[in-house]
Amino acid sequence: SQALAYNRAGYGRSDASTGPRDGAHVVQELRALLQARQLPPPYVLVGHSLGGLYMQLFARQHPGEVAALVLVDSTHPDQVKGAGNPDQWPTWLKVAFRWTTSDTAKQELAALDATGNQVSRLPVDPSVPVFVLSALRATGVPSALADDASRKRAGIAHLYPGAVQVWVDSGHGIPLEKPEAVVGAIRAAVRAAGASRNAAGAQ
C-alpha cells in the first residue's frame with residue numbers, strides 16, 4: 001500500500017491557488033493530485049482540524065472512492081455557526097487571527113460556513129468506516145466559544161453512525177503531541193476497510 005501526505009494549496013511548499021478556497025475546490029484539487037500521482041481509489045482519508053472537514057466532504061461526495069475516514073480533532077460542519085461564528089469571537093482572538101494567519105487560511109475561514117453547508121447537504125454512506133480522534137485538552141479557559149467547541153468536538157462522531165470515537169489526552173495538535181494515536185487510528189481504519197471489502201465480496 002502507498003501513502004501520500006500533502007500540503008493544500010498555499011501551505012508548505014504548495015503554490016497558492018487562484019481558485020476559491022471552499023471545500024468543493026479543495027477536494028477537487030486533491031482528487032486531481034491523486035490522479036496525477038496515479039494513486040487509484042479506494043483511499044483511507046486522514047484529516048486534522050480543517051483538513052478533517054475537507055476529508056468529510058470528499059467522503060460524502062465520493063463514497064465509492066473512500067475505504068475509511070480518520071478525523072483527527074476535525075472541524076465540525078457547523079463549527080462557525082452559533083457561538084463559533086467569528087463575529088462572536090473575543091477581540092483578542094480576532095486580533096491574533098488577523099496578525100498571525102496566512103492569506104490562504106483567512107480565505108479558508110471565510111469559506112468555512114459554505115464548506116460546512118456543502119458537507120451537511122450530502123448524505124453519509126454508512127458502509128464507510130469512520131474513526132474520530134478528539135482532544136481532551138483543547139479548549140482552554142471556559143468561555144462561550146470554548147463550550148461551543150467542546151460540544152461540537154463531542155458531537156462530530158454522532159454525524160457518522162457506527163463511528164469509533166477515541167478521546168486523546170492532548171491539545172488540538174494531536175499529530176504532533178500524540179502521533180501514536182493517529183498511527184493507531186489509521187491502522188484500525190485500514191483493518192476495518194479490509195474487513196468491509198471482504199464482507200461486501202462475500203455477499
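Here is a walk through the sheet of this predicted model, with a stop at one helix residue afterwards.

Start with the sheet itself. Four strands line up in the order 1-2-3-4, the sheet is open, and the pairing is parallel. At the edges sit strand 1 (43–48) and strand 4 (164–168), each with a partner on one side only. Going from one strand to the next, the twist averages 15°.

Now take the pairs in turn. Strand 1 runs parallel to strand 2, and 6 bridges join them; if you want a landmark, look at G47, whose bridge partner in strand 2 is L71. Strand 2 then pairs with strand 3 over 4 bridges, again in the parallel sense, and here V70 stands opposite F131 of strand 3. Strand 3 (residues 130–135) carries on to strand 4 with 5 parallel bridges, and S134 finds its bridge partner in W167 of strand 4. As for strand 2, it's mostly covered: 7 of its 7 residues are buried.

How do you get from strand 1 to strand 2? Together with helix 2, these two strands make a right-handed β-α-β unit. Helix 2 (residues 50–61) packs on the sheet, where it touches strand 1 and strand 2 (66–72). The direction of helix 2 makes about 150° with that of strand 1.

Finally, hop over to T104, which lies in helix 4 (residues 103–110). Is T104 buried or exposed? It counts as buried because its relative accessibility is 10%, and the cut-off for buried is under 20%. Leaving aside residues up to four places away in sequence, T104 touches A9, G10, Y11 and R21.

Notes. Residues are numbered from 1 along each chain as its sequence is written. This is a predicted model: local features need pLDDT of at least 70, side-chain atom pairs count only at pLDDT 80 or more; totals for chains, interfaces and linings use all residues. Side-chain values use heavy atoms; hydrogens and water are left out. Two strands pair if DSSP finds at least two bridges between them. Axes are lines fitted to C-alpha atoms, for helices over the stretch in contact, and angles run from 0 to 180 degrees between N-to-C directions. Contact means heavy atoms within 4.5 Å. Buried means under 20% relative accessible area, exposed over 50%, partly exposed in between (1.4 Å probe, protein chains only). A crossover is right-handed if, with the strands pointing away from the viewer, the path from the first strand over the helix to the second runs clockwise.
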